[in-house]
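Work through the exercises below with the model open. Try each task before reading its solution.

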Amino acid sequence: MSLTEVTAHHPYSPAVVAGGLAFVSGALSVDAEGTAVPGRTAALDAAVDRMVDRLATVGGQLKDVVKLTYYVTDLSLREEANRQFERIFDEPRPARTFLEVSSLPYGAIAEIDAVAAVGGR
């Protein structure tokens, strides 16, 4: 089953625009087929990739992101997330919240949602 087929069964939009902002639904650390990506850094990158895919449905790009929230099953992923942030965002970097949760769907270890200024920032 592809990720498109997996997400098609959910009762929400991948992203919605209101007031010039795109609100992106949580994107899991899964591959294009919906399988959890192994490895800490690879999983975080997969979650960002899925978030960017969702953001693109409303015409947004990674450079438009102004706020991310990370939900992780292991708080020690914070260091990898910090390095990821430095790697993928120029300064000034977006605001960020980082939270530990007990579990995530499909065996994922991370989920990221975002807010983006769809006209750029």
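## Exercise 1: two helices

Helix 2 and helix 3 are oblique to each other. The model is a predicted one.

**Task.** Show why helix 2 and helix 3 count as oblique, then describe their contact.

**Solution.**
1. Locate the pair: helix 2 spans residues 40-56 and helix 3 spans residues 78-88.
2. Take the angle. The two helices pack at about 50°.
3. Apply the cut-offs. Under 35 degrees would be roughly parallel, and 65 to 115 roughly perpendicular. The angle falls in neither range, so helix 2 and helix 3 are oblique.
4. Add the spacing: the axes of helix 2 and helix 3 lie 10 Å apart.
5. Add the hand. The crossing of helix 2 and helix 3 is right-handed.
6. List the contact residues. Helix 2 supplies Arg-40, Thr-41, Leu-44, Asp-45 and Val-48. Helix 3 supplies Glu-80, Ala-81, Gln-84, Arg-87 and Ile-88.
7. Sort them by class: four are nonpolar, two polar and four charged.

## Exercise 2: the largest nonpolar core

**Task.** How many residues does the largest nonpolar core have, and which of them have the most contacts inside it? Which elements give two or more residues to this core?

**Solution.**
1. The core has 22 residues.
2. Met-51, Val-65, Leu-68, Tyr-70 and Ile-112 have the most contacts inside it.
3. Two helices, helix 2 and helix 3, each give two or more residues to the core. So much for helices; the strands on this list are strand 2 (21-28), strand 3 (65-72) and strand 5 (110-117).
4. The largest share comes from helix 2, with five residues.
5. Now follow Leu-68 outward, leaving aside neighbours within four places in sequence. Its contacts include Met-51 and Ile-112. Phe-85, Phe-89, Pro-94 and Ala-95 are also among them.

## Exercise 3: buried or partly exposed?

**Task.** Decide whether Ala-110, Ser-25 and Lys-67 are buried or partly exposed. Then place each in its surroundings.

**Solution.**
1. Set the cut-off: buried means under 20% relative accessible area.
2. Ala-110 is in strand 5. Its relative accessibility is 1%, so Ala-110 is buried.
3. Beyond four places in sequence, Ala-110 contacts Ala-27, Leu-28, Ser-29, Leu-44, Ala-47, Tyr-71, Val-72 and Leu-104. The C-alpha atoms of Ala-110 and Asp-74 are 8.6 Å apart, with these positions 36 residues apart along the chain.
4. Ser-25 belongs to strand 2. At 18%, Ser-25 is also buried.
5. Not counting residues up to four places away, Ser-25 touches Tyr-12, Ser-13, Pro-14, Arg-54, Ile-112 and Asp-113.
6. Lys-67 sits in strand 3. Its value is 26%, so Lys-67 is partly exposed.
7. With the same sequence neighbours left out, Lys-67 touches Pro-94, Ala-95, Arg-96, Thr-97, Asp-113, Ala-114 and Val-115. Its C-alpha atom is 9.7 Å from that of Phe-23, 44 residues away along the chain.

## Exercise 4: backbone details in two loops

**Task.** Which residues does a cis peptide bond join? What is phi of Tyr-106?

**Solution.**
1. The cis bond joins Glu-91 and Pro-92, with omega about 0°.
2. Pro-92 lies in the loop between helix 3 and strand 4 (95-100).
3. Tyr-106 has phi near 60°. This is a positive value in a residue other than glycine.
4. Tyr-106 is in the loop between strand 4 and strand 5.
5. Tyr-106 has a relative accessible area of 43%, so Tyr-106 is partly exposed.

## Exercise 5: two alanines of helix 2

**Task.** Are Ala-56 and Ala-42 buried or partly exposed? Give one distance for each.

**Solution.**
1. Ala-56 lies in helix 2, and Ala-42 is in helix 2 as well.
2. Ala-56 has a relative accessible area of 46%, so Ala-56 is partly exposed.
3. Ala-42, at 39%, is partly exposed too.
4. From Ala-56 to Val-24, 32 residues apart along the chain, the C-alpha separation is 9.7 Å.
5. From Ala-42 to Asp-31, eleven residues apart, the C-alpha separation is 10.0 Å.

Conventions
Residues are numbered from 1 along each chain as its sequence is written. This is a predicted model: local features need pLDDT of at least 70, side-chain atom pairs count only at pLDDT 80 or more; totals for chains, interfaces and linings use all residues. Side-chain values use heavy atoms; hydrogens and water are left out. Axes are lines fitted to C-alpha atoms, for helices over the stretch in contact, and angles run from 0 to 180 degrees between N-to-C directions. Helices (H or I, at least four residues) and strands (E, at least two) are DSSP runs, numbered from the N terminus. Angles under 35 degrees count as roughly parallel, over 145 as roughly antiparallel, 65 to 115 as roughly perpendicular and the rest as oblique. A crossing is left-handed if the near helix is turned anticlockwise from the far one by less than a right angle, and right-handed if clockwise. Contact means heavy atoms within 4.5 Å. Ala, Val, Leu, Ile, Met, Phe, Trp, Tyr, Cys and Pro count as nonpolar, Asp, Glu, Lys and Arg as charged, and the others, Gly among them, as polar. A nonpolar core is a set of buried Ala, Val, Leu, Ile, Met, Phe, Trp, Tyr and Cys residues joined through side-chain atoms within 4.5 Å. Buried means under 20% relative accessible area, exposed over 50%, partly exposed in between (1.4 Å probe, protein chains only).
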